[in-house]
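Dear colleague,

I am passing the structure below to you, and after it I set out what was found. Please read the notes with the coordinates open beside them.

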Amino acid sequence: VSGGVWAFGNLRTEDNVLLRHNTIEIDAPVSLDNFVSWQKDIRNLNAIERADFKVVGLQDNQDRLFFLAEVEEKKPYYMAFGLGYDTARDAYLTISAGDRNFLGMNRILSLDTEVSGVGYDVNLGLKDFDFLSQYIVTELSLYTSREELKNQTFGTKKSGTSLSFQKDLSRFLKVGTSLGVEVREQFEIEDSADHDPDDFQTRGVFKFTPFITWNSVDSFVRPTRGFYVNTSAGYN
């Protein structure tokens, strides 16, 4: 008995993403356990909205079986915006846009922007859910901001990048780390004799933060049993 793997649909997602963790080989002995594992892997893809699976030929005891997957993707592009006012920022505008399946690789490309009466904040991010095919969630971001808070005689400009990795080692255990580099600068909004000239020198900041998390809580909404423990260390 042997089997084949077929995927049907007008898909943007690359075939190598759908079959990346496939353990079913053509003309190899059939394993329904492998088929179930492959179903779970496809359903866990962030770009996939719905997936239905069938086995053709099993009930008829045919010599060749076919594993069929009908896959529906999420709409890849999105955009959201908001307008508002509060006493800290005055009027503000926020815009978020992105692609949930960037280049068909099950990666999220996002751009988040906020402009307000006290400055601006721009963040460009890329998230990969299966880095190096090891189920490592990786996030890379580039950001820049300028802020002039009320009742202050100075403002702040920041630009930097951050990179984080996290992986589930078991059902309850997660480990990860984050790295970041930032250039920070303060500038005068108005002249003040209280300012120290050293306060306005450009500074570089490096951050390194590994962490480990144990989470056996039965529910995030109404937890009744379990433990949540998070340990992290930071270096700046």
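**Hairpins and the sheet**

A hairpin links β6 to β7 through 2 residues, where the strands are DSSP runs of E with at least two residues, helices are runs of H or I with at least four, and both are numbered from the N terminus. This is a predicted model, in which local features need pLDDT of at least 70 and side-chain atom pairs count only at pLDDT 80 or more, while totals for chains, interfaces and linings use all residues. Residues are numbered from 1 along each chain as its sequence is written, and side-chain values use heavy atoms, with hydrogens and water left out.

The two strands of that hairpin, β6 and β7, pair in the antiparallel sense over 10 bridges, two strands being counted as paired if DSSP finds at least two bridges between them. Within this pair, Val 115 stands opposite Tyr 120 in β7. Tyr 120 also has a bridge partner in β8, namely Arg 146, and a further bridge to β8 is that of Asn 123 with Tyr 143. In total, 11 bridges join β7 (residues 119–131) to β8, and these strands run antiparallel.

The hairpin of β7 and β8 has 4 residues between the strands, and Leu 132 takes a positive phi near 60° there. Tyr 135, which lies in the loop between β7 and β8, likewise has a positive phi, near 55°. With a relative accessibility of 43%, Tyr 135 counts as partly exposed; the cut-offs are under 20% relative accessible area for buried and over 50% for exposed, with partly exposed in between (1.4 Å probe, protein chains only). As background to these phi values, most residues other than glycine have a negative phi.

Further along the chain, strand β8 (residues 136–147) is joined to strand β9 (residues 154–168) by 11 bridges, again antiparallel, and Thr 144 stands opposite Ser 159 in β9. The hairpin formed by β8 and β9 has 6 residues between the strands, and Asn 151 in its turn has a positive phi of about 60°. From β9, a hairpin of 4 residues leads to β10; 15 bridges join β9 to β10 (residues 173–188), which run antiparallel, and Gln 166 stands opposite Gly 176 in β10.

Taken together, 9 strands form an open sheet with antiparallel pairing, in the order β4-β5-β6-β7-β8-β9-β10-β11-β12. Its edge strands are β4 and β12 (228–232), each of which pairs on one side only. The twist averages 15° from one strand to the next, with axes taken as lines fitted to C-alpha atoms (for helices over the stretch in contact) and angles running from 0 to 180 degrees between N-to-C directions.

**Two positions around β6**

Asn 106 is found in the loop between β5 and β6 (107–116), and its phi is near 60°, a positive value in a residue other than glycine. Asn 106 is buried, with a relative accessible area of 5%. Leu 109, in strand β6, is partly exposed at 26% relative accessibility, and its C-alpha is 5.8 Å from that of Gly 125, although the two residues are 16 apart in sequence.

**Nonpolar residues, on the surface and inside**

A nonpolar patch on the surface is formed by Met 79, Phe 81, Leu 83, Leu 93 and Ile 95, with about 570 Å² of accessible area together. Patches are made of residues with over 30% relative accessible area and no salt bridge, like charges being joined within 9 Å and nonpolar side chains (Val, Leu, Ile, Met, Phe, Trp, Tyr) within 5 Å. A salt bridge here is a side-chain nitrogen of Lys or Arg within 4 Å of a carboxyl oxygen of Asp or Glu, and accessible areas come from the Shrake-Rupley method with a 1.4 Å probe, only the protein chains shown counting as cover for residues. The elements that give two or more residues to the patch are β4 (77–86) and β5 (90–99), and β4 gives the most, with 3 residues. Leu 93, in strand β5, is partly exposed, with a relative accessible area of 32%.

The largest nonpolar core has 14 residues, of which Phe 35, Trp 38, Ile 42, Ile 48, Ala 51, Phe 53 and Val 71 touch the most other members. The elements that give two or more residues to this core are α1 (15–18), α2 (32–43), β2 (48–56) and β3 (64–73). Such a core is a set of buried Ala, Val, Leu, Ile, Met, Phe, Trp, Tyr and Cys residues joined through side-chain atoms within 4.5 Å.

With best regards
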